[in-house]
Amino acid sequence: MLHSPLLDLNTRKALLFALVAERLAVYYEHNVWMTASQSESLAGQWLKQAKLVLPVNELRCFSTLSGQLARQMTSSLSREAGLYAVHEMTEARDPRYQSAFALDMQAECERLLREHLLV
């Protein structure tokens, strides 16, 4: 059984950010949306690899929020801008990569987490 340290704000923000990036990548590559269960499973795998866990209800919230933000983004971006967003967000998973867009998206992820009391 995994011993789960509490996830701090930065870890939670990184999880939401990565889920949004992955949802966008799948959407732009295959023109379909990941299901909630696919998103929850992916997040669970990432957390397990990091020896972290989240309660199922919180995992569902992360899945829901990532889906809402990804869909909101696609509704306001052209395909080209959306592909750029995916690229920037994917590259920004490496902390050495600096991107103003990614920083803005991380701030939006933090705002959503605070708004939904997930911090």
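Biologist: How much space lies in the largest pocket, and what makes a residue part of its lining?

Modeller: About 310 Å³ of space lies in the largest pocket, the volume being the space filled by probe spheres set on grid points joined across faces, edges and corners. A pocket is an open set of points on a 1 Å grid over the protein atoms alone, where a 1.4 Å probe fits, with protein on both sides within 12 Å along at least five of seven lines, and lining residues have an atom within 4 Å of a point. The lining here has 15 residues, with Ala-14, Ala-92, Arg-93, Pro-95 and Gln-106 nearest the centre. H1 and H5 are the elements giving two or more residues to that lining, and H1 gives the most, with 5. Mind you, this is a predicted model: local features need pLDDT of at least 70, side-chain atom pairs count only at pLDDT 80 or more, and totals for chains, interfaces and linings use all residues. Residues are numbered from 1 along each chain as its sequence is written, and side-chain values use heavy atoms, leaving out hydrogens and water.

Biologist: Arg-12 is in H1, residues 9-30. Why does Arg-12 count as buried or exposed?

Modeller: Arg-12 has 10% relative accessibility, and buried means under 20% relative accessible area (exposed is over 50%, partly exposed in between; 1.4 Å probe, protein chains only), so Arg-12 counts as buried.

Biologist: What joins the side chains of Arg-12 and Glu-58?

Modeller: A polar contact of 2.7 Å. The cut-off is a pair of N or O atoms within 3.5 Å, one able to donate a hydrogen and the other to accept it. Beyond its neighbours within four places in sequence, Arg-12 also contacts residues including Phe-62 and Leu-113; contact means heavy atoms within 4.5 Å.

Biologist: Phe-62 again! Which core residues have the most contacts inside the largest nonpolar core?

Modeller: Leu-16, Val-20, Leu-24, Phe-62, Met-73 and Met-89, out of 32 residues. H1 makes the largest contribution to this core, 9 residues. Such a core is a set of buried Ala, Val, Leu, Ile, Met, Phe, Trp, Tyr and Cys residues joined through side-chain atoms within 4.5 Å.

Biologist: How do you know what span to expect for H3?

Modeller: The expected span is 1.5 Å times one less than the number of residues. With 21 residues, H3 reaches 31 Å from first C-alpha to last, close to the expected 30 Å.

Biologist: And Thr-74, in H3: why is it called buried?

Modeller: Thr-74 comes out at 16% relative accessibility, so it counts as buried. Leaving out residues up to four places away in sequence, Thr-74 touches Leu-24, Tyr-27, Tyr-28 and Trp-33.

Definitions and conventions: Helix = DSSP H or I, 4+ residues; strand = E, 2+ residues; numbered from the N terminus.
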